[in-house]
Amino acid sequence: MKQVRGSTQWPHSKRRERKLSGFTLVELLVVLAILGMLAALVGPQVLNQLGGAKSKSAQIQIRDLEQALELYKLDVGRFPNNGEGLEALVRSPSRARGWNGPYLRKDEIPLDPWGNEYQYQFPADTAAGYELISYGSDGRTGGSGEAADVSI
């Protein structure tokens, strides 16, 4: 054993230091391949959850609009007609006696999560007597998945 500047140097120590100092190219490629496989498996699941979240957000907004419509009916005695639409929740229609709004927190009608307007129909053949619909990501009736209509 020979002494070099206050430390001991063993035979083959440079080879050991080089082996312990980093990762080989093969190790890095294996890690990248594993990460790629995980992203391929998890990525679509995350995107599906995001789509479902928009549909759930639309359902929650529709429930909020329904509550506002119920408050409007309590004050005015009727639901807004098709001509007045959802706008009656934020601005008093000319023939709405007893209007005590606005019935929404913001003074505007929210858009659905895809940026489209909610469709309001009164009267309608539903238990509530009106219908609120979001046409989904495509903005048209029908569809499936992300493009499916959302109503309660």
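This report covers residue A96, the aromatic pairs, the salt bridges and the two largest pockets of a predicted model.

**A96 and its surroundings**

A96 sits in the loop that runs between α2 (25-76) and β3 (119-121). With a relative accessibility of 9%, A96 is counted as buried, because the limit for that class is under 20%. Once neighbours within four places in sequence are left aside, the contacts of A96 are Y72, V76 and R78. For Y72, which is 24 residues away along the chain, the C-alpha atom is 9.5 Å from that of A96.

**Aromatic pairs**

Five aromatic pairs are present in the structure. One of them joins F79 and Y130, with 4.8 Å between the ring centres and 65° between the planes, so the pair is edge-to-face. F79 belongs to the loop between α2 and β3, and Y130 to the loop between β3 and β4 (131-133), so this pair ties together parts of the chain that are 51 residues apart in sequence. Both partners are buried: F79 has a relative accessibility of 5%, and Y130 has one of 4%.

Another edge-to-face pair is made by W99 and Y103, whose centres are 5.7 Å apart and whose planes stand at 90°. Y103 also counts as buried, at 12% relative accessibility. F79 and Y130 recur in a cluster linked by ring pairs, together with Y120 and F122.

**Salt bridges**

Three salt bridges are found in the whole structure. The table gives the partners and the N to O distance of each.

| Basic residue | Acidic residue | N to O distance |
|---|---|---|
| R78 | E84 | 2.9 Å |
| R91 | E87 | 2.2 Å |
| R140 | D138 | 4.0 Å |

How exposed are the partners? R78, which is also one of the contacts of A96, is partly exposed at 27% relative accessibility. Its partner E84 is buried, with a relative accessible area of 17%, a value that falls in that class because the limit is under 20%. In the bridge between R91 and E87, R91 is partly exposed at 48% and E87 is partly exposed at 38%. In the bridge between R140 and D138, R140 is exposed, its relative accessible area being 57%, while D138 is partly exposed at 31%.

**Pockets**

The volume of the largest pocket is about 370 Å³. Its lining consists of 13 residues, and those closest to the centre are D64, L104, R105, K106 and P110. By type, the lining of the largest pocket comprises seven nonpolar, two polar and four charged residues.

The second largest pocket holds about 150 Å³ of space. N82, G85, L86, E87, I109, P110, L111, E117, Y118 and Y120 line this second pocket. Six of these lining residues are nonpolar, two are polar and two are charged.

Some residues appear under more than one heading. P110 is among the residues closest to the centre of the largest pocket and is also in the lining of the second largest pocket. E87 lines the second largest pocket and forms the salt bridge with R91. Y120 is another lining residue of the second largest pocket and a member of the aromatic cluster with F79, F122 and Y130.

How values were computed. Residues numbered from 1 in each chain as written. Predicted model: local features only at pLDDT ≥ 70, side-chain atom pairs only at ≥ 80, totals over all residues. Heavy atoms only, no water. Helix = DSSP H or I, 4+ residues; strand = E, 2+ residues; numbered from the N terminus. Buried < 20%, exposed > 50% of the residue type's maximum accessible area, 1.4 Å probe, protein only. Contact = heavy atoms within 4.5 Å. 1 Å grid on protein atoms, 1.4 Å probe; cavity = no way out; pocket = protein on both sides within 12 Å on 5 of 7 lines; lining within 4 Å. Points joined across faces, edges and corners; volume = space filled by probe spheres on them. Nonpolar A, V, L, I, M, F, W, Y, C, P; charged D, E, K, R; others polar. Phe/Tyr/Trp six-rings, centres within 6.5 Å; stacked < 30°, edge-to-face > 60°. Salt bridge = Lys/Arg side-chain N within 4 Å of Asp/Glu carboxyl O.
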